[in-house]
Amino acid sequence: KLLCDIAEPDYGVITNLGPGHLEGFGSIDMVRSTKLEIYDAVKTLALNADDGFLMAGCPEKQAKDPTS
């Protein structure tokens with residue numbers, strides 16, 4: 001969230017979730033939760049809908065596209 005407040009991005013992409021950040025975040029659930037913080041900061045967000053674990057963390061969230 002802090003980086004989004006600084007950079008104020010218009011677009012976001014989450015391609016996958018993996019164990020690469022487990023040391024800093026403690027669990028894969030926290031990695032997912034932290035990555036999904038970008039949802040509220042961007043106008044357009046692309047999510048990898050093929051990643052079941054990612055999508056399970058955001059059942060109410062859909063890819064954001066202001067043109068549709």
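How much space lies in the largest pocket? About 150 Å³. Keep in mind that this is a predicted model.

Let me start with the lining of that pocket. The residues are Lys1, Leu2, Leu3, Cys4, Ala7, Pro9, Thr34, Glu37 and Ile38. Helix H1 supplies four residues, the largest share of the lining. By type, six of the lining residues are nonpolar, one is polar and two are charged.

One of those lining residues is Leu3, which sits in helix H1. Is Leu3 buried or exposed? Its relative accessible area is 67%, and exposed means over 50%, so Leu3 counts as exposed. In sequence, Leu3 and Ala41 are 38 residues apart, while their C-alpha atoms are 9.9 Å apart in space.

Next, the backbone at Glu8. This residue lies in the loop that runs between helix H1, residues 2-7, and strand S1, residues 11-14. Glu8 is not a glycine, yet it has a positive phi of about 50°. As background, most residues other than glycine have a negative phi. Glu8 is also exposed, with a relative accessible area of 61%.

Last, the rings. How many aromatic pairs does the structure hold? Zero. There is, however, a charge over a ring to look at: Arg32 lies over the face of Phe53, at 3.9 Å from the ring centre.

To recap, you may want to look at three places on the screen: the pocket with its lining share from H1, the positive phi at Glu8, and Arg32 over the face of Phe53.

Technical notes. Residues are numbered from 1 along each chain as its sequence is written. This is a predicted model: local features need pLDDT of at least 70, side-chain atom pairs count only at pLDDT 80 or more; totals for chains, interfaces and linings use all residues. Side-chain values use heavy atoms; hydrogens and water are left out. Helices (H or I, at least four residues) and strands (E, at least two) are DSSP runs, numbered from the N terminus. Buried means under 20% relative accessible area, exposed over 50%, partly exposed in between (1.4 Å probe, protein chains only). On a 1 Å grid over the protein atoms alone, a cavity is a set of points where a 1.4 Å probe fits but cannot get out, and a pocket is an open set with protein on both sides within 12 Å along at least five of seven lines; lining residues have an atom within 4 Å of a point. Grid points are joined across faces, edges and corners, and a volume is the space filled by probe spheres set on the points. Ala, Val, Leu, Ile, Met, Phe, Trp, Tyr, Cys and Pro count as nonpolar, Asp, Glu, Lys and Arg as charged, and the others, Gly among them, as polar. Rings of Phe, Tyr and Trp (its six-membered ring) pair if their centres lie within 6.5 Å; planes under 30 degrees apart count as stacked, over 60 as edge-to-face and the rest as tilted. A charge sits over a ring if NZ of Lys or CZ of Arg is within 6 Å of the ring centre and within 35 degrees of the ring normal.
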